[in-house]
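Here are some questions and answers for reading a protein structure. Keep the sequence and the 3D view open while you work through them.

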Amino acid sequence: MADTSRPARPVFLGQNQYGKAENRVVKITRDGATHHIKDLNVSVSLSGDMDDVHYSGSNANVLPTDTTKNTVYAFAKEHGIESAEQFGIHLARHFVTSQEPIHRARIRIEEYAWERIANAGEGAHSFVRQGQETRLTQITYDGSSWEVVSGLKDLVVMNSTDSEFWGYVKDKYTTLPEAYDRILATQVSARWRFGWSDDAQRPPHWDESYEQTRKHLLQAFAETYSLSLQQTLYQMGARIIDHRDEIDEVRFSLPNKHHFLVDLEPFGLKNATDDGAVYLAADRPYGLIEATVLRDGCEPRIPVDLTNL
């Protein structure tokens with residue numbers, strides 16, 4: 001009897017995955033009058049023995065995406081959310097170990113931070129959304145090994161001095177004047193990959209690791225006298241690798257948020273940086289500086305295009 005599960009033509013199924021994207025989960029933990037918030041956006045992607053559903057439409061191996069959504073909410077209640085990373089690990093392990101056709105699970109999580117409103121009356125249950133950055137993590141599990149890549153996006157930083165840009169290549173199209181005292185600003189998108197990869201190893205303390213990595217990133221930005229955004233990027237990554245043993249790789253995507261001195265001479269005004277100056281903040285076009293910083297002996301695994309992570 002002929003096999004009708006696969007098309008009788010030279011066309012074959014390639015990589016595939018499915019799941020439920022952007023499950024918004026807000027978990028409130030009440031410790032008496034003091035409350036705690038975990039606010040996550042969780043996306044689940046599963047892959048495995050899924051040929052039949054593509055070739056013939058058989059759903060025999062398919063766990064409905066609605067079920068994955070329900071699992072996210074049930075796990076938030078049953079297991080709580082200690083950290084974005086730990087919550088993703090619980091989910092990934094569950095999908096791979098409970099469903100035989102599923103060989104690999106990828107969990108992506110964005111976390112939105114809240115802080116308490118001071119002097120908000122009785123109890124500690126009033127919050128304001130922090131707007132500095134979004135915390136990120138991606139957990140991938142194949143039944144035997146883990147890959148955890150965490151990071152952040154939309155962290156806007158600025159140095160109002162201690163930055164120069166000069167000595168660059170010039171051709172007939174170059175009009176940019178050399179700068180010996182400029183604003184350096186960027187909107188940091190960063191990912192870092194942990195060395196932890198199997199259950200035999202002790203996992204990092206995820207929240208502490210995030211806080212300390214962010215701290216070193218910011219300190220390197222603030223303390224580097226910058227001759228280029230590339231130099232600053234490298235110092236940020238190197239400081240993280242030097243101070244955080246659990247991290248093997250860091251990748252940055254840094255748009256240069258240009259600030260140009262405004263020409264005020266038509267109004268009889270000198271616009272110099274000696275005592276402060278007026279700038280035009282230009283949102284586009286912008287220079288985009290991207291690079292990976294690695295621990296010696298480690299191979300790069302974070303995708304070059306961070307939009308795919």
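Q: Is Arg244 buried or exposed in this predicted model?
A: The model is predicted, and its values are computed from the atoms. A residue is called buried when its relative accessible area is under 20%. Arg244 has a relative accessibility of 14%, so Arg244 counts as buried.

Q: With which residue does the side chain of Arg244 meet in a salt bridge?
A: A salt bridge needs a side-chain nitrogen of Lys or Arg within 4 Å of a carboxyl oxygen of Asp or Glu. For Arg244 the N to O distance is 3.0 Å. The partner is buried, with a relative accessible area of 17%. That partner is Glu246.

Q: How many salt bridges does the structure hold?
A: The pair of Arg244 and Glu246 is one salt bridge, and Lys153 with Glu110 is another. For the structure, the count of salt bridges is 16.

Q: How many residues apart in sequence are the parts that Lys38 and Asp207 tie together?
A: The side chains of Lys38 and Asp207 meet in a salt bridge with an N to O distance of 4.0 Å. Lys38 lies in strand β2 and Asp207 in helix α4 (residues 206-223), so the pair ties together parts whose separation in sequence is 169 residues.

Q: Is Lys38 buried or exposed, and is Asp207 buried or exposed?
A: The cut-off for buried is under 20% relative accessible area. Lys38 has a relative accessible area of 16%, and Asp207 has a relative accessibility of 18%. Lys38 is therefore buried, and Asp207 also counts as buried.

Q: Which residues are linked with Lys38 in a network of salt bridges?
A: The salt bridge of Lys38 with Asp207 has already been described. The network holds both of these residues and others. Linked with Lys38 are Glu85, Glu111, Arg135 and Asp207.

Q: Which strands hold Lys153 and Glu110?
A: Lys153 forms a salt bridge with Glu110, and the closest N and O atoms are 2.9 Å apart. The pair ties together parts that are 43 residues apart in sequence, because Lys153 lies in strand β7 and Glu110 in strand β3.

Q: Why is strand β2 described as largely enclosed by the rest of the structure?
A: Strand β2 covers residues 34-48. Of its 15 residues, the number buried is 11, so the strand is largely enclosed by the rest of the structure. The value behind the description is 11 of the 15 residues.

Q: In which sense do β1 and β2 pair, and over how many bridges?
A: In this pairing, Val25 stands opposite Leu40 in β2. The hairpin of β1 and β2 has two residues between the strands, and Gly32 takes a positive phi near 65° there. The sense of the pairing is antiparallel, and the count of bridges is nine.

Q: How many bridges join β2 to strand β3?
A: Strand β3 covers residues 102-112 and runs antiparallel to β2. Ser47 stands opposite Arg104 in β3. The number of bridges joining β2 to β3 is 10.

Q: How far apart in space are Pro101 and Asp49, C-alpha to C-alpha?
A: Pro101 lies in the loop between α3 (84-98) and β3. Pro101 has a relative accessible area of 16% and is buried. In sequence, Pro101 and Asp49 are 52 residues apart, while in space their C-alpha atoms are separated by 5.1 Å.

Q: Which residues gather with Asp162 in a patch of negative charge on the surface?
A: Asp162 is found in the loop between β7 (146-159) and β8 (184-194), and Asp181 lies in the loop between β7 and β8. Asp162 counts as partly exposed at 38% relative accessibility, and Asp181 counts as partly exposed at 31%. The patch joins Asp162 with Asp181, Asp274 and Asp275.

Q: What is the phi of Glu22?
A: Glu22 is found in the segment before β1 (23-31). At 54% relative accessibility, Glu22 counts as exposed. Glu22 is a residue other than glycine with a positive phi, near 55°.

Q: Is the peptide bond from Arg284 to Pro285 cis or trans?
A: Pro285 is placed in the loop between β11 (279-281) and β12 (287-294). Omega of the bond from Arg284 to Pro285 is near -5°, and the bond is cis.

Notes
Residues numbered from 1 in each chain as written. Predicted model: local features only at pLDDT ≥ 70, side-chain atom pairs only at ≥ 80, totals over all residues. Heavy atoms only, no water. Helix = DSSP H or I, 4+ residues; strand = E, 2+ residues; numbered from the N terminus. Buried < 20%, exposed > 50% of the residue type's maximum accessible area, 1.4 Å probe, protein only. Patch = residues over 30% accessible without salt bridge, like charges linked within 9 Å, V, L, I, M, F, W, Y side chains within 5 Å. Areas by Shrake-Rupley, 256 points an atom, 1.4 Å probe, with all protein chains shown as cover. Lys, Arg positive; Asp, Glu negative; His and termini not counted. Charge placed at Lys NZ, Arg CZ, Asp CG, Glu CD. Pairing = 2+ DSSP bridges.
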